[in-house]
Amino acid sequence: MHDSHERNRHREHHASSAERVASIEHPHPHAHAGHDKHEGHTVATFRDRFWISLALTIPTLAWGHMLQRAFGYHAPMFTGATWIPPVFGTVVFLYGGRVFIQGAVKELKDGVPGMMTLIALAISVAFIFSAVVTLGYPGMPLWEELSTLVTIMLLGHWIEMRSISQAQGALKELAKLLPDTATRVAGDSTEEVPVEALSQSDIVLVRPGASVPADGVVRQGTSSVNESMITGESLPVEKKEGDEVIAGTVNGSGSLRIEVTGTGERTALAGIMRLVEQAQSSRSRAQALADRAAFGLTIVAVGAGVITLIVWLALRPGDVAFAIERVVTVLVIACPHALGLAIPLVIAISTTIGARSGLLVRDRRGLEEARNLTTVVFDKTGTLTRGEFGVVDIATTSGIAPNEALRLAAAVEADSEHTIAEGIVRTARERGIDVRPADGFEAMPGQGAKARVNGRELYMGGPALLSAIGVTLPNALEVATTRAGKRGQGSIYLTDRSSVLAVFALADVVRPESRQAIDALHEKHIEVVMMTGDARAVAQAVATDLGIDEVLAEVLPDQKASKIEQLKAAGKRVAMVGDGVNDAPALVTADVGIAIGAGTDVAVEAGDIILVRSDPRDVPRIVELSRASYRKMIQNLWWAAGYNIVAIPLAAGLLAPWGFVLSPAVGAVLMSASTVIVAINAQLLRRAKL
C-alpha cells in the first residue's frame with residue numbers, strides 16, 4: 001500500500017497519468033447514465049458509512065422490540081435504554097442515509113428520479129413515521145427496520161462501487177506501466193531523473209528488465225521487448241537500432257539506449273489511456289434503454305407504494321404501521337439498483353478486455369453496432385497486405401532450387417538501396433536464409449545490378465537487363481512471367497552471362513494473418529469486401545488468394561466514402577478497416593470504423609475502434625466481443641427489471657392473508673441480492689474467448 005501511495009505521489013506532476021489515476025480512485029461509476037448517482041462519493045464513503053451504521057444498528061436491534069419479541073429475550077434495562085433505538089436510528093438515518101438524500105436531490109434537480117429517489121423516499125417515510133410514533137402517535141415505530149435498511153443499502157452500494165472501480169482498473173494498470181524514474185544519459189555518465197523531467201531528444205538507458213520510460217527510437221543495442229500490455233501480443237518483439245519502442249513496455253535481456261520522441265500526453269500509452277477512459281464514459285444505446293427502464297420502474301414503484309398505502313389503510317384502518325411497512329418495502333424492493341449497475345459494469349469490463357487484447361474502443365456505439373455487421377470492407381495496402389514489396393513466387397531452371405536461387409539473388413541485391421532489392425533481401429531473411437553480401441557490387445542504371453557471388457558473376461534485373469547482356473528467356477520461365485503479369489505482379493530475373501537461372505514474381509506481400517481473419521469472418525456469416533486503388537488484376541489476384549467475396553478496384557481516395565454509402569444503401573451493415581489518411585472519410589461513413597493503430601493519426605481519430613496491432617484477425621475478435629457484451633447487457637436488463645414482476649406484489653403484501661409478509665429489511669436483502677447477481681453475471685464476461 002505504501003509503495004502504491006508513493007508511486008502515485010511521484011506521478012502527481014505527470015498530469016495526464018495522475019489525473020486519470022485519480023479519476024479511478026474516486027470514480028463516478030454511473031457517469032454513463034444521464035446523471036451521476038454517486039457524484040462526490042467514493043468507495044471509501046460507502047465503506048466507512050456502512051461499518052459505522054452497522055455498529056449503530058446492532059444496539060438498535062438489541063434494544064428494539066422486533067428481536068426481543070422474535071427470540072423471547074429482554075435486553076438489559078437502565079436509565080435511557082428505551083431511547084437507544086430512536087437515538088441510534090436517527091443517527092443512522094442522518095449519517096448513513098445522507099448519501100441517498102443527496103443523490104435524490106440531484107436526481108430530482110436533473111428531472112430523472114430513480115434509484116436514489118426511491119431509497120431516500122423509503123428511509124424518509126420510515127424515519128418520519130417512527131419519529132411521530134416515538135413522540136406519542138399510536139403505532140409501532142420502525143427504528144430497527146430503518147437502521148437495517150440503511151445499513152444494507154450502504155453495503156449494496158459499497159459492493160457496487162467496488163465492482164465498477166475494479167472493472168475500470170484498466171486505467172490503473174496502464175498508469176502503473178510507467179516507471180517513476182528514468183536513467184538519462186549525459187555525456188559519458190548517467191543520471192536518475194523523474195520521468196516527467198524527460199524531454200524530446202534525450203537519450204535514456206533502459207537496462208534489462210526495466211520499463212521503457214517514454215516513446216522513442218533505439219539508437220544503440222538490441223533486445224526483445226514485451227509489449228503485451230499495450231498490443232495484446234504475448235510474444236516479445238525484437239528491437240534493434242532504428243526500431244521504435246513504446247512507453248510502458250518491458251525490456252528483455254539486452255540493454256538499450258533510446259532517443260526520446262514522446263513524453264507525457266504525447267506517448268502512445270497516454271493515448272491509449274484517453275481512449276479507454278473515453279470508451280468507459282461514452283453512452284451506449286443499451287444504457288439509454290436502462291435509463292428509461294429505471295425511470296419507468298421508479299414511477300411504477302411510487303405508484304405501487306401509493307396504492308399499497310391506500311389499500312392497507314382501507315383494509316386495516318387501525319394498523320398504520322403495517323401499511324407504512326408495506327410502502328417502505330415496495331419502495332426498497334423496486335429500487336432500480338441492479339439496473340444502475342447492469343450496463344456500466346458490462347461497459348467497464350468489455351472495455352478492459354478489449355484494451356488487454358489490443359482492441360481500443362474509442363466510441364462505445366461502434367462496439368455495440370459490431371454485433372450486427374453483415375459486411376466488412378478492408379483497405380488492401382497496409383491492412384490486408386504489408387504495404388511493401390516481397391517475393392510471392394519463384395520459378396527456376398532445372399538444377400537450382402528456389403531457396404538457393406533466392407539466396408544468390410539476395411546476395412547480389414544486399415548492397416542495393418532499391419525498394420525491389422530490399423524486398424528480395426527481406427523475403428530471404430524471413431525464410432531463414434543467411435544473406436551474405438557479394439563482392440564487386442555494381443548498380444546498372446535502368447537495367448539492374450551485378451555482383452560476384454562465390455567467384456561467379458551474377459546479374460539481377462528486368463527485361464532491359466536480358467536485352468543488354470543478350471540472354472534469352474527459357475519457355476518455362478516465360479510462362480511464369482506471363483502468369484505473374486496476369487496477376488498484376490512484377491518479374492525480376494537472376495541470370496549469369498549465358499542463361500537465365502530464375503524469375504521472381506514481386507508484389508505487395510499479403511499478411512499471413514489475413515487469411516485467418518477472412519476465414520473467421522466467413523464463419524460468422526459476414527461478407528468480406530476489399531477496396532483498393534490498385535489495378536483490377538492486382539486486386540483480383542490478392543482477393544483470389546484470400547477468398548475475398550467482392551473486390552472494389554481502381555477506387556480513387558475521394559470515392560471510398562461513396563462506395564461505403566452504396567453498400568449501406570443496399571441494406572448492409574458495414575464496417576470499414578483502414579489505416580491511411582485517404583481511408584478516414586470511409587471510416588467515418590461506415591457503421592463501424594476500425595482503424596489500424598499502426599496507421600496515421602488521422603485514421604486513428606476517425607475510427608470507432610482502434611487495433612493496436614496491425615493484425616486483421618482482431619476484426620472478428622471485435623465482432624465476438626460485441627456479441628458477448630450485448631448478451632450480458634440484455635441478460636442483466638431482464639434480470640434487473642424482470643424480478644420486480646414478482647417482487648413488488650410480494651412487497652405490497654399480496655400474500656399477507658396467508659401469513660407471508662416481507663419486512664423492509666428482507667426487501668433490502670432481496671434487492672441487494674439482485675444487484676449481486678447482475679454483478680456476477682457481468683464478471684462472467686471475462687470468460688469470453690475472443
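**Figure 1. Overview of the predicted chain.** Helices and strands here are DSSP runs, with at least four residues for a helix and at least two for a strand, numbered from the N terminus. By that count, this predicted model holds 28 helices and 22 strands. Of the 690 residues in the chain, 53% are buried. Sequence-distant contacts are well represented too: among contacts between residues at least 6 apart in sequence, 69% join residues at least 24 apart.

**Figure 2. Helix 3 packs against helix 5.** Let us begin with a pair of helices. Two packed helices are described by the angle between their axes and the distance between the axes. For helix 3 (residues 43-62) and helix 5 (residues 84-96), the angle is about 165° and the axes lie 9 Å apart. Angles over 145 degrees count as roughly antiparallel, and helix 3 and helix 5 are therefore roughly antiparallel to each other. Their crossing is left-handed.

**Figure 3. A closer look at the residues between helix 3 and helix 5.** On the helix 3 side, look for Asp48, Arg49, Ile52, Ser53, Leu56, Thr57, Pro59 and Thr60. They meet Ile84, Pro85, Phe88, Gly89, Val91, Val92, Tyr95 and Gly96 of helix 5. Sorted by character, the residues of this contact comprise nine nonpolar, five polar and two charged.

**Figure 4. An open sheet of seven strands.** Reading across the sheet, the strand order is 10-22-21-20-11-18-19, and the pairing is mixed. Strand 10 (359-361) and strand 19 (550-552) stand at the edges; each has a single partner strand, so one side of each is left without a neighbour in the sheet. Direction ignored, neighbouring strands are turned by 20° against each other on average.

**Figure 5. The strand 10 edge, and a helix on the sheet.** Strands of a sheet pair through backbone hydrogen bonds, either parallel or antiparallel. Strand 10 and strand 22 (residues 609-611) take the antiparallel option, over three bridges. To find your way, start from Leu360, whose bridge partner in strand 22 is Ile610. Helix 23 (residues 560-569) packs on the sheet, where it touches strand 11 (375-379), strand 18 (527-531), strand 19 and strand 20 (574-578). The direction of helix 23 makes about 155° with that of strand 20.

**Figure 6. Ala688, in the segment after helix 28 (664-683).** Is Ala688 buried, partly exposed or exposed? Its relative accessibility is 26%, so Ala688 counts as partly exposed. Glu624 is 64 residues away along the chain, yet the C-alpha atoms of Ala688 and Glu624 are separated by 8.4 Å.

Definitions and conventions. Residues numbered from 1 in each chain as written. Predicted model: local features only at pLDDT ≥ 70, side-chain atom pairs only at ≥ 80, totals over all residues. Heavy atoms only, no water. Axes fitted to C-alpha atoms, helices over the stretch in contact; angles between N-to-C directions. Parallel < 35°, antiparallel > 145°, perpendicular 65-115°, else oblique. Left-handed = near helix turned anticlockwise from the far one by under 90°. Contact = heavy atoms within 4.5 Å. Nonpolar A, V, L, I, M, F, W, Y, C, P; charged D, E, K, R; others polar. Pairing = 2+ DSSP bridges. Buried < 20%, exposed > 50% of the residue type's maximum accessible area, 1.4 Å probe, protein only.
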